[in-house]
Amino acid sequence: MTITRMVPGRWVEGTGAVLGPPLLIAGVLTRIGEDDFFPGQLAAYAADPGRMAVSYALFTAGVVLLWPAATALARRIAATHPGWARWGATLVVLGLFGRVFHAGVSHLAFQMVDELGLEAAQRAVADTYGAFHVFKAVSVCIVAGWIVLAIGAYRARAFGSGAYGVVRCVALALGHALPLGVLKGAADPISLAALAGLAVALVPFGVGVLKDGPAPRWQAIALTVVLVPVAYVLGMYG
């Protein structure tokens, strides 16, 4: 078995593809009905902090899980079109880094609501929304990454050669339409279509990746089940 098949491994990649899009959708649906821009998102948090915290946590978890999905798809594309695979995977992963950064800023803004009150938090975010940060450079990657990866998937017939494969490539490209930035609700019809597109493209792909080989050893499953809550507890005290 080659290194390219070992790292990060089909179980990580398949799980990311299967769970990433549904977590994104769950996160957005949890906050649906609220204004999609930061004043409304902060107001929604002030009114129901538990719901909004869960919403943003689900969305961020989905973003993180998309990186192994992208690497798995890029590996399939690379068999015939390595250039498209390299550029697509690189742009997508850089874009995901940017989204995680935005999630961290959103989390801090919610803490400002708790500590300073809603109006003060809204003023602070409004006054600093355009502040410079290095991740502004990856905004183009957030938009372009899924398009490049989708073109590569189409050229490599990564989702199959029939009409269903073409539809899934188009669905993957829709991921570029998901709004970027801090405190974005992403519950408008275009955003929901983008999320549905990622699900249509990646979830069946992830199922195929998981089926392509033997089941994991029970020791690995048990270790994973134990490590997840332990890592969370350690993080709380870190």
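**Helix packing and empty space around H5**

In this predicted model, helix H3 (residues 38–47) packs with H5 at an angle of about 55°, and the two axes lie 10 Å apart. Angles from 65 to 115 degrees would count as roughly perpendicular and those under 35 as roughly parallel, so H3 ends up oblique to H5. As for handedness, H3 and H5 cross in a right-handed way.

Which residues do the touching here? On the H3 side they are Gln 41, Leu 42, Tyr 45 and Ala 46, and these meet Ala 109, Phe 110, Gln 111, Val 113 and Asp 114 of H5. Sorted by class, the contact of H3 with H5 holds six nonpolar residues, two polar ones and one charged one.

Next comes the empty space. Rolling a probe the size of a water molecule over the atoms is a handy way to show where such space is left. Here, the count comes to three cavities of 30 Å³ or more. The largest cavity has a volume of about 150 Å³. Its lining is made up of 15 residues, and Tyr 56, Phe 59, Arg 99, His 102 and Gly 181 are the closest to the centre. Two elements, helix H4 (49–78) and helix H5 (82–116), give two or more residues each to the lining of this largest cavity. Which of them has the largest share of that lining? The answer is H5, with five residues. The chemistry of the lining of the largest cavity is mixed: eight residues are nonpolar, four are polar and three are charged.

H5 turns up again in a pocket. The second largest pocket takes in about 360 Å³ of space. A set of 16 residues lines this pocket, and nearest its centre lie Val 105, Thr 128, Tyr 129, His 133 and Val 182. At least two lining residues come from H5, and at least two from helix H6 (118–128). Once more the largest share of the lining belongs to H5, which supplies six residues to the second largest pocket. By class, the lining of the second largest pocket splits into 10 nonpolar residues, five polar ones and one charged one.

Put together, H5 is a thread running through these results. Helix H5 packs against H3 at about 55°, gives the largest share of the lining of the largest cavity, and does likewise for the second largest pocket.

Definitions and conventions
Residues are numbered from 1 along each chain as its sequence is written. This is a predicted model: local features need pLDDT of at least 70, side-chain atom pairs count only at pLDDT 80 or more; totals for chains, interfaces and linings use all residues. Side-chain values use heavy atoms; hydrogens and water are left out. On a 1 Å grid over the protein atoms alone, a cavity is a set of points where a 1.4 Å probe fits but cannot get out, and a pocket is an open set with protein on both sides within 12 Å along at least five of seven lines; lining residues have an atom within 4 Å of a point. Grid points are joined across faces, edges and corners, and a volume is the space filled by probe spheres set on the points. Helices (H or I, at least four residues) and strands (E, at least two) are DSSP runs, numbered from the N terminus. Ala, Val, Leu, Ile, Met, Phe, Trp, Tyr, Cys and Pro count as nonpolar, Asp, Glu, Lys and Arg as charged, and the others, Gly among them, as polar. Axes are lines fitted to C-alpha atoms, for helices over the stretch in contact, and angles run from 0 to 180 degrees between N-to-C directions. Angles under 35 degrees count as roughly parallel, over 145 as roughly antiparallel, 65 to 115 as roughly perpendicular and the rest as oblique. A crossing is left-handed if the near helix is turned anticlockwise from the far one by less than a right angle, and right-handed if clockwise. Contact means heavy atoms within 4.5 Å.
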